[in-house]
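Colleague: Could you walk me through reading the features of this model, one at a time?
Modeller: Gladly; let us put it on the screen and begin.

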Amino acid sequence: SCSPPPQQPTQYISGRSPTPLKEGTVKSTKKDPTFLRAVSQCKQECALRQPDLDKSDCLQRCQDVCCDSYEQCSFAIIRLN
């Protein structure tokens with residue numbers, strides 16, 4: 001599950017990652033397995049806690065809570081089913 005948001009949210013000023021990524025790495029990208037697992041777990045918990053909330057809304061909220069980089073926070077996450 002995701003950790004709670006920090007007291008002061010991170011402010012991203014540009015579309016660049018704060019640290020350069022090595023070629024071929026997926027850490028801190030939208031394909032990061034840790035991020036995808038966290039979003040998936042959060043989405044399941046959201047659906048259980050708030051069954052009347054639309055699944056797309058749960059997904060957006062979970063993206064906002066689980067992201068830790070500009071790329072993860074800003075890409076258009078969609079529900080495929």
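Modeller: Before we look at helix packing, one term: contact means heavy atoms within 4.5 Å. Keep in mind, too, that this is a predicted model.

Colleague: Thanks. With that in hand, which residues in α1 meet which residues in α2?
Modeller: On the α1 side they are Phe-35, Ala-38, Val-39, Cys-42, Lys-43, Cys-46 and Ala-47. Their partners in α2 are Cys-58, Leu-59, Cys-62, Gln-63 and Cys-66. By residue class, this contact of α1 with α2 divides into ten nonpolar, one polar and one charged.

Colleague: How do I describe the geometry of such a pair?
Modeller: Two packed helices are described by the angle between their axes and the distance between those axes. Here, α1 spans residues 33-49 and α2 spans residues 55-66. The angle between them is about 135 degrees, and the axes lie 9 Å apart. That angle makes α1 oblique to α2. As for handedness, the α1 and α2 crossing is right-handed.

Colleague: Let me step back to the whole chain. How many helices and strands does the chain have?
Modeller: The count is three helices and zero strands, so reading from the N terminus gives α-α-α. Of the 81 residues in the chain, 21% are buried. For contacts with a separation of 6 or more, 54% join residues 24 or more positions apart.

Colleague: Which residues form the largest nonpolar core?
Modeller: A nonpolar core is a set of buried residues of certain types joined through side-chain atoms within 4.5 Å. The largest one in this model has ten residues: Phe-35, Ala-38, Val-39, Cys-42, Cys-46, Cys-58, Leu-59, Cys-62, Cys-66 and Cys-67. The elements giving two or more residues to this core are α1 and α2, and the largest share, five residues, comes from α1.

Colleague: Can we zoom in on one core residue? What is Val-39 in contact with, leaving aside its neighbours within four places in sequence?
Modeller: Val-39 is in contact with Leu-59, Cys-62, Gln-63, Cys-66 and Ile-77.

Colleague: And from the α2 side, is Cys-58 buried or exposed?
Modeller: The cut-off to remember is that buried means under 20% relative accessible area. Cys-58, found in helix α2, has a relative accessible area of 2%, so Cys-58 is buried. Leaving aside neighbours within four places in sequence, Cys-58 is in contact with Cys-46, Ala-47 and Leu-53. Its C-alpha atom is separated by 5.8 Å from that of Lys-43, and the two residues are 15 residues apart along the chain.

Colleague: Now the other end of the scale. Why does Ile-78 count as exposed?
Modeller: Exposed means over 50%, and Ile-78 counts as exposed because its relative accessibility is 60%. Ile-78 lies in the segment after α3. Gln-60 is 18 residues apart from Ile-78 along the chain, with 8.4 Å separating their C-alpha atoms.

Colleague: What about a residue in between?
Modeller: Take Tyr-70, in helix α3, which covers residues 70-74. At 32% relative accessible area, Tyr-70 is partly exposed. Tyr-70 also gives a sequence-versus-space example: Tyr-70 and Lys-30 are 40 residues apart in sequence and 9.5 Å apart in space, C-alpha to C-alpha.

Methods. Residues are numbered from 1 along each chain as its sequence is written. This is a predicted model: local features need pLDDT of at least 70, side-chain atom pairs count only at pLDDT 80 or more; totals for chains, interfaces and linings use all residues. Side-chain values use heavy atoms; hydrogens and water are left out. Axes are lines fitted to C-alpha atoms, for helices over the stretch in contact, and angles run from 0 to 180 degrees between N-to-C directions. Helices (H or I, at least four residues) and strands (E, at least two) are DSSP runs, numbered from the N terminus. Angles under 35 degrees count as roughly parallel, over 145 as roughly antiparallel, 65 to 115 as roughly perpendicular and the rest as oblique. A crossing is left-handed if the near helix is turned anticlockwise from the far one by less than a right angle, and right-handed if clockwise. Ala, Val, Leu, Ile, Met, Phe, Trp, Tyr, Cys and Pro count as nonpolar, Asp, Glu, Lys and Arg as charged, and the others, Gly among them, as polar. Buried means under 20% relative accessible area, exposed over 50%, partly exposed in between (1.4 Å probe, protein chains only).
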